[in-house]
Amino acid sequence: MAYHDKLTGLPNRDLFYDRLNTAILQAKRHQVEIAVLFIDLDHFKYINDTFGHTSGDIVLQQVAARLTMCLRETDTLARMGGDEFTVVLQDFDNRGDVETTAQRILKSLSAPLILENQELYISASIGISFFPEDGGNPALLMKHADTAMYSAKNSGRKCLHFFRSSMEGYSLKRIEMEQQLRQGLERNEFKLYYQPQINLESGRIIGAEALIRWQHPEKGLLPPSQFIAIAEDTGLIEPIGEWVLREAWSQRQGWHRSGWEDFRIAVNLSAHQFNRTSLVKTIADVLCRSDIDPAILELELTETVAMQDVGKTLNILNELKKFGVQLSIDDFGTGYSSLLYLRQFPIDRLKIDRTFVANIAHNPNEAAIVVAIIAMAHSMGLEVIAEGVETKGQLSFLKMHGCNEAQGYLMGKPMSGPALFSRLQQEAR
């Protein structure tokens with residue numbers, strides 16, 4: 001019991017380090033490599049917050065069982081604590097074998113888990129280090145595997161990264177970035193850019209999606225891909241998300257005073273925001289400070305977040321809908337929605353994920369998916385907007401199959417508020 005995790009029955013931290021040290025001694029004697037995998041579940045905190053810690057423990061037990069199925073009896077799998085698992089791999093021919101094992105783990109975890117009679121989707125980020133190249137002792141190998149894992153998280157999660165020397169100091173950089181993010185909020189360094197959304201029948205701008213940028217004092221204008229992952233991990237995504245909401249609505253009120261009444265503004269809700277009980281109160285507070293139609297505010301929720309806890313999602317969406325706002329499901333096609341659940345949501349619009357749009361011109365399967373999404377949405381009384389439209393061929397395809405709206409570089413790159421207002425004025429002439 002002193003050397004095994006009580007919840008999963010796997011070796012614990014102490015036994016893992018003991019076996020890793022033994023593996024290193026054997027590798028030195030035979031002059032071979034060993035690999036250390038650091039596996040961290042993505043957004044596991046949401047599961048505990050949404051379903052409770054007892055359900056979270058059930059998920060960890062199911063994850064442990066899946067990881068075990070992906071490995072050989074000679075491999076060492078351990079639970080380090082929380083949602084962190086580690087693996088020692090020996091007796092492999094090349095690094096391609098290690099990558100194959102890691103990919104098998106990612107694929108295994110991508111299949112739905114069953115929790116409280118409903119499907120739950122999770123993912124993981126994996127960092128990998130090798131003896132002797134990346135370290136000659138357990139502490140260094142673990143440190144470098146952990147660094148590679150955080151690099152994978154910062155690249156969008158659901159992936160694996162091998163440790164590279166260029167990652168040295170990554171943890172310190174993350175701490176520094178967190179401090180700078182806090183200062184950025186205090187110093188009002190964030191800006192909103194807006195990407196036009198076009199009605200495909202009229203060709204006119206009918207709305208815009210608000211997208212955050214960070215005017216970093218040293219690095220210049222940074223896209224969200226360079227700071228959102230850290231903001232999510234540190235909890236800063238909540239105040240940042242609220243700032244985006246309030247700033248976008250304030251900007252929209254300014255356009256309203258200038259005569260633009262029928263123009264929708266779309267704001268993304270992060271998973272952290274959506275899972276907070278304060279969300280409904282925040283939306284109410286934002287809307288009560290203006291006298292313009294709430295229907296011109298659209299709140300976007302990703303399909304993956306919407307399907308985490310359908311019952312909770314339905315309750316929150318119904319509360320939001322009472323305010324008169326519009327609701328949309330973003331990244332549709334990537335989150336394994338159940339149509340039974342989807343029909344219950346009080347949504348107005350589906351947003352086709354850009355990965356499907358990118359391939360409609362040369363991939364018949366993905367073209368068929370897009371056509372099916374459009375037809376399904378229309379049968380449910382929903383509008384459809386396609387994102388990531390970059391070519392005339394994509395635009396023609398979407399028009400031909402009845403897609404209502406589109407956004408993408410073909411129609412306009414994200415632009416500042418004044419630039420968008422100038423374009424609206426030009427279009428009105």
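How much area does the protein expose, and what share of it do carbon and sulfur atoms supply? The exposed area is about 19,800 Å², and carbon and sulfur atoms supply 49% of it. Keep in mind throughout that this is a predicted model.

**Whole chain**

Start with everything selected and the C-alpha trace shown. Along the principal axes, the C-alpha atoms fill a box of roughly 80 × 45 × 45 Å. The radius of gyration is 24 Å, which agrees with the value near 22 Å that a compact globule of 429 residues would have. Switch to a cartoon: the protein has 17 helices and 17 strands. Colour by accessibility, and 52% of the 429 residues come out as buried. Among contacts with a separation of 6 or more, 67% are between residues 24 or more positions apart.

**His 43 and the way into α2**

Select His 43, in the loop between β1 (34-41) and α2. His 43 is not a glycine, yet its phi is positive, about 55°. The relative accessible area of His 43 is 28%, so the residue counts as partly exposed.

**Helices α2 and α3**

Next select residues 44-51, which form helix α2, and residues 53-70, which form helix α3. Their axes come within 7 Å and cross at roughly 140°. α2 is therefore oblique to α3. Show side chains for the contact: α2 contributes Phe 44, Ile 47, Asn 48 and Phe 51, while α3 contributes His 53, Ser 55, Gly 56, Val 59 and Leu 60. Sorted by class, this contact has 5 nonpolar and 4 polar residues, with no charged ones.

Stay on helix α3 and pick Ala 65. Ala 65 has a relative accessible area of 42% and is therefore partly exposed. Now add Thr 8 and draw a C-alpha to C-alpha distance: Ala 65 and Thr 8 are 8.3 Å apart in space, though 57 residues apart in sequence.

**Either side of α5**

Move to Phe 131 and Pro 132, which are joined by a cis peptide bond with omega about 5°. Pro 132 is in the loop that runs between β6 (124-131) and α5 (138-154).

Then go to Lys 158, in the loop between α5 and β7 (160-162). Lys 158 has a positive phi of about 60° without being a glycine. Is Lys 158 buried or exposed? Its relative accessibility is 56%, so Lys 158 counts as exposed.

**Trp 249 in α8**

Finish at Trp 249, in helix α8 (residues 237-257). The relative accessible area of Trp 249 is 1%; the cut-off for buried is under 20%, so the residue is buried. Which residues are in contact with Trp 249, leaving aside neighbours within four places in sequence? Select Ile 265, Val 286, Leu 287, Ser 290, Ile 292, Asp 293, Pro 294, Ile 296 and Leu 297 to see them.

For a last distance, add Asp 353 and join its C-alpha to that of Trp 249. The two residues are 25 Å apart in space and 104 residues apart in sequence.

Methods:
Residues are numbered from 1 along each chain as its sequence is written. This is a predicted model: local features need pLDDT of at least 70, side-chain atom pairs count only at pLDDT 80 or more; totals for chains, interfaces and linings use all residues. Side-chain values use heavy atoms; hydrogens and water are left out. Axes are lines fitted to C-alpha atoms, for helices over the stretch in contact, and angles run from 0 to 180 degrees between N-to-C directions. Helices (H or I, at least four residues) and strands (E, at least two) are DSSP runs, numbered from the N terminus. Angles under 35 degrees count as roughly parallel, over 145 as roughly antiparallel, 65 to 115 as roughly perpendicular and the rest as oblique. Contact means heavy atoms within 4.5 Å. Ala, Val, Leu, Ile, Met, Phe, Trp, Tyr, Cys and Pro count as nonpolar, Asp, Glu, Lys and Arg as charged, and the others, Gly among them, as polar. The radius of gyration is taken over C-alpha atoms; the globule rule is 2.2 Å times the number of residues to the power 0.38. Buried means under 20% relative accessible area, exposed over 50%, partly exposed in between (1.4 Å probe, protein chains only). Accessible areas come from the Shrake-Rupley method with a 1.4 Å probe; for residues, only the protein chains shown count as cover.
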